[in-house]
Every structure is written in structure tokens, then in C-alpha cells.
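Reader: I should like a close look at a single part of this protein, namely its largest pocket, and then an account of the residues and pairings elsewhere in the chain. Please set the description out as one connected answer.

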Amino acid sequence: MSPQDIAAKVGEPLGTSEWVEISQERINQFAEATGDHQFIHVNEEMAKLTPFGGTIAHGFLTLSMIPYLSAKSDIPRPEGVKMGVNYGGNKTRFINPVRAGKRIRGHWKLLEMAEKRPGQWQQTAEITIEIEGEDKPALIAEWITQFFV
């Protein structure tokens, strides 16, 4: 799909990812990578005593899943892309913790697709990360990606 065709979809849902499990092993690996070993993430016995009843994923782990979920989604990609890069976010809200062993998936809604200079497109999308079986999503983020065609 051309960047112009994608731009015509502003305001519309773009797609949904596959479900992905957030295992305790993934949470532990994220804790190792970031140095965030707060007990609520890595100590299953202590975490059982909290209102969550067990360990939860780091909010930033959930946020960091956006590129992976995007790759496992049906959202259209601009044809002829040489490179895509994360540009940042305007808003991120961690609404509901992801408990270890739960599955998440992403939903994308296109907010903006603009050509910033010839061959460089900037896409802003609202991404909602849903937790399987729960009413409230894990997070909602307004995320910006730049594509070079």
C-alpha cells in the first residue's frame, strides 16, 4: 500500500496483532536488561501478597512490545520502505497491569500520516494493548513512526 493510500485511512482502525504471552521468564529477562528488579515483577511469593495476587509485567515491558506486536499484525506497511524508526510518543497511559502468564495484543488506529520531506513519512497511531479476558486495556499510547521510502 502506498504511503498516500495509508494517509487516506486517517481516523480508521489499521489492524490488530496476534496474541503474545507475557511469561514470567520474559518479565525476568526484562528485569535483567533494565536493572528493575522490584519484587512486584520478579518475586512470585512476595507478589502474591499484593492486590495483584502475583507478579506483573513492567509497564515499560508492555510498552516495549509495540514493535514486536506490530511485526505480528495485519497493519498495512508503506510499500518501498527502506527503513522505519521509532520517533517517540505523545501520550502513554498504563491503565491496567499485565499479570505474568497473560496474553496481550495490539490494536492500531491511524491518527496522522504526513510526508515530512520527500520520501520521509511520519505516522502517528493510537495503540491500545489489550489483555486477553480483561475489560480494561494494559495501555493506550500515541506512538510515532517514521518511514523512509
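Author: What follows begins with the chain as a whole, turns to the pocket, and then takes up selected residues and the salt bridges.

The model is a predicted one. Its protein chain contains six helices and six strands, and these follow one another along the sequence in the pattern α-β-β-α-α-α-α-α-β-β-β-β. The C-alpha trace spans about 55 × 30 × 25 Å along its principal axes. Of the 149 residues in the chain, 42% are buried. Where contacts join residues at least 6 apart in sequence, 70% of them link residues at least 24 apart.

The largest pocket holds about 310 Å³ of space. Its lining is made up of 18 residues, and those nearest the centre are Ser70, Ile75, Asn86, Thr145 and Phe147. Four elements each give at least two residues to this lining: helix H6 (66-71), strand S3 (83-94), strand S5 (120-131) and strand S6 (139-148). In chemical character the lining comprises 12 nonpolar residues, five polar ones and one charged one.

Strand S5, one of the elements that supply the lining, also contains Trp121. This tryptophan counts as buried because its relative accessible area is 7%, under the 20% limit. Beyond its neighbours within four places in sequence, Trp121 is in contact with Pro3, Gln4, Ala7, Met113, Ala114, Glu115, Thr145, Gln146, Phe147 and Val149. Two of these partners, Thr145 and Phe147, are among the residues nearest the centre of the pocket. Trp121 and Leu139 are 18 residues apart in sequence, and their C-alpha atoms lie 25 Å apart in space.

Ile131 also belongs to strand S5. With a relative accessibility of 0%, Ile131 is buried. Residues up to four places away in sequence being left out, Ile131 touches Trp19, Asn96, Pro97, Val98, Lys102, Arg103, Ile104, Lys136, Pro137 and Ala138. Ile131 is separated from Lys48 by 83 residues in sequence and by 20 Å in space, C-alpha to C-alpha.

One of the residues that Ile131 touches, Lys102, takes part in a salt bridge with Glu134, in which the closest N and O atoms are 3.5 Å apart. This pair connects distant parts of the chain: Glu134 lies in the loop between S5 and S6, Lys102 lies in the loop between S3 and strand S4 (103-117), and the two are 32 residues apart. Lys102 is partly exposed, at 25% relative accessibility. Through salt bridges with shared partners, Arg99, Lys102 and Glu134 form one network.

In general, side chains of opposite charge can pair when their charged atoms come close. The count of salt bridges in the model is six. One of the bridges joins the side chains of Glu12 and Lys9, with an N to O distance of 4.0 Å. Glu12 is partly exposed at 35% relative accessibility, and Lys9 is likewise partly exposed at 26%. In another bridge, the side chains of Lys48 and Glu45 meet at 3.3 Å, N to O. Here Lys48 is partly exposed, having a relative accessible area of 48%, whereas Glu45 counts as exposed because its 54% is over the 50% limit.

Two further buried residues complete the account. Ser17 is located in the loop between strand S1 (13-16) and strand S2 (20-21), and its relative accessibility of 6% places it among the buried residues. The Ser17 side chain reaches the backbone nitrogen of Gly106 at a distance of 2.8 Å. Apart from neighbours within four places in sequence, the contacts of Ser17 are Leu69, Lys72, Ser73, Arg105, Gly106 and Trp108. Leu69, one of these contacts, falls within helix H6 (66-71), an element that contributes to the pocket lining.

His41 lies in helix H3 (residues 39-42) and is buried at 6% relative accessibility. Not counting neighbours within four places in sequence, His41 is in contact with Gln24, Ile27, Asn28, Asp36, Thr55, Ile56, Ala57 and His58.

Conventions. Residues numbered from 1 in each chain as written. Predicted model: local features only at pLDDT ≥ 70, side-chain atom pairs only at ≥ 80, totals over all residues. Heavy atoms only, no water. 1 Å grid on protein atoms, 1.4 Å probe; cavity = no way out; pocket = protein on both sides within 12 Å on 5 of 7 lines; lining within 4 Å. Points joined across faces, edges and corners; volume = space filled by probe spheres on them. Nonpolar A, V, L, I, M, F, W, Y, C, P; charged D, E, K, R; others polar. Buried < 20%, exposed > 50% of the residue type's maximum accessible area, 1.4 Å probe, protein only. Polar contact = N/O pair within 3.5 Å; in protein donor to acceptor, adjacent residues only side chain to side chain. Contact = heavy atoms within 4.5 Å.
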